[in-house]
Amino acid sequence: MKIIQKEYYQKNRKEILIYKKKIRESNPKLLNERSRKWRENNLEYVRRRDRELIKTERGKANHQRSCIKRRTKIKEIINTLTFKEWLDILKKYHFKCAYCGKEFDLFTIPERDHIIPISKGGNNIKENIIPACRNCNARKSNKIININQEEKEWGIKKVKVYINE
Ligand SMILES: [Zn+2]
């Protein structure tokens, strides 16, 4: 069965690709959702594949492209945060991580966490930034948080959001 599929694919490669492209274009959301679910269900495999892919020339090129894409995106955002504003934010949170409450020091360096992630249209402005330790920032990833909520669920772990007004 597999061999037949492969032969069929090779013979009709062009048509299949055009067909797939059409589907993608007509309903990008559905496909995104589907591939996201697939990734979730095959996380181990995806991670292993990604690790292998990055070693190949194609993988390296892909990685570079996405880095450039990300950098371009950063250029497009509103970027008004000054160093003083960042210090004020740190002061407002008593130099503690806004999520876990861990105090910042030489070993726990504060990171700027975007309430609305850059990838979701957030800007690098003082209203959109809270201090987070590396662990919390990584765990939050690109999810949007609601700082008015006492607690917010991120996947399995519940994380408290500390606000000191
Ligand atoms: Zn933290």
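Just after helix H6, His 94 adopts a positive phi of about 55°, and in this predicted model the residue serves as a starting point for a description of the chain. His 94 is found in the loop between H6 and strand E1, the latter spanning residues 111-114, and its phi is positive although the residue is other than glycine. Because 13 C-beta neighbours lie inside 10 Å, His 94 counts as partly exposed. Phe 95, which lies in the loop between H6 and E1 as well, likewise has a positive phi of about 55° without being a glycine. With 14 C-beta neighbours inside 10 Å, Phe 95 counts as partly exposed.

Helix H6 itself, which comprises residues 83-92, is hardly covered, the count of buried residues among its 10 residues being 0. Ile 89 lies in this helix and counts as partly exposed, because its 18 C-beta neighbours inside 10 Å do not reach the 20 or more at which a residue is buried. When neighbours within four places in sequence are left aside, Ile 89 is in contact with Lys 126, Ile 129, Ile 130 and Pro 131. For one of these partners, Lys 126, the C-alpha atom is separated from that of Ile 89 by 7.6 Å, although the two residues are 37 residues apart along the chain.

Two of the residues contacted by Ile 89, namely Ile 129 and Ile 130, also belong to the largest nonpolar core. This core has 8 residues in all, the others being Cys 97, Ala 98, Tyr 99, Ala 132, Cys 133 and Cys 136. Strand E2, formed by residues 129-132, supplies the largest share of the core, with 3 residues. In soluble globular proteins, nonpolar side chains tend to be buried together. Cys 133, one of the core residues, is in contact with Cys 97, Cys 100, Lys 102 and Thr 108 once its neighbours within four places in sequence are left aside.

The loop between E1 and E2 contains Asn 123, which is partly exposed, with 17 other C-beta atoms within 10 Å. Leaving aside neighbours within four places in sequence, Asn 123 is in contact with Ile 77, Ile 78 and Asn 128. The C-alpha atoms of Asn 123 and Asn 79 are separated by 6.5 Å, while along the chain these residues are 44 residues apart.

Considered as a whole, the chain comprises 7 helices and 4 strands, and its elements follow the order α-α-α-α-α-α-β-β-α-β-β from the N terminus on. Of its 165 residues, 7% count as buried. Among contacts between residues at least 6 apart in sequence, 53% join residues at least 24 apart. Helix H2, which covers residues 13-26, has 14 residues and reaches 20 Å from its first C-alpha to its last, close to the 20 Å expected at 1.5 Å a residue. The number of buried residues in H2 is 0 of 14, so the helix lies largely in the open.

As to confidence, the mean pLDDT of the chain is 77, and 78% of its residues reach 70 or more. Over residues 148-165, however, the pLDDT is below 50, and this stretch has 28 contacts in the model beyond near neighbours in sequence.

Conventions: Residues are numbered from 1 along each chain as its sequence is written. This is a predicted model: local features need pLDDT of at least 70, side-chain atom pairs count only at pLDDT 80 or more; totals for chains, interfaces and linings use all residues. pLDDT is the predictor's confidence in each residue, from 0 to 100. Two residues are in contact if their C-beta atoms, placed from the backbone, lie within 7 Å. A residue is buried if 20 or more other C-beta atoms lie within 10 Å of its own, exposed if 12 or fewer, and partly exposed in between; C-beta atoms are placed from the backbone. Helices (H or I, at least four residues) and strands (E, at least two) are DSSP runs, numbered from the N terminus. A nonpolar core is a set of buried Ala, Val, Leu, Ile, Met, Phe, Trp, Tyr and Cys residues joined through C-beta atoms within 7 Å. The expected span of a helix is 1.5 Å times one less than its number of residues.
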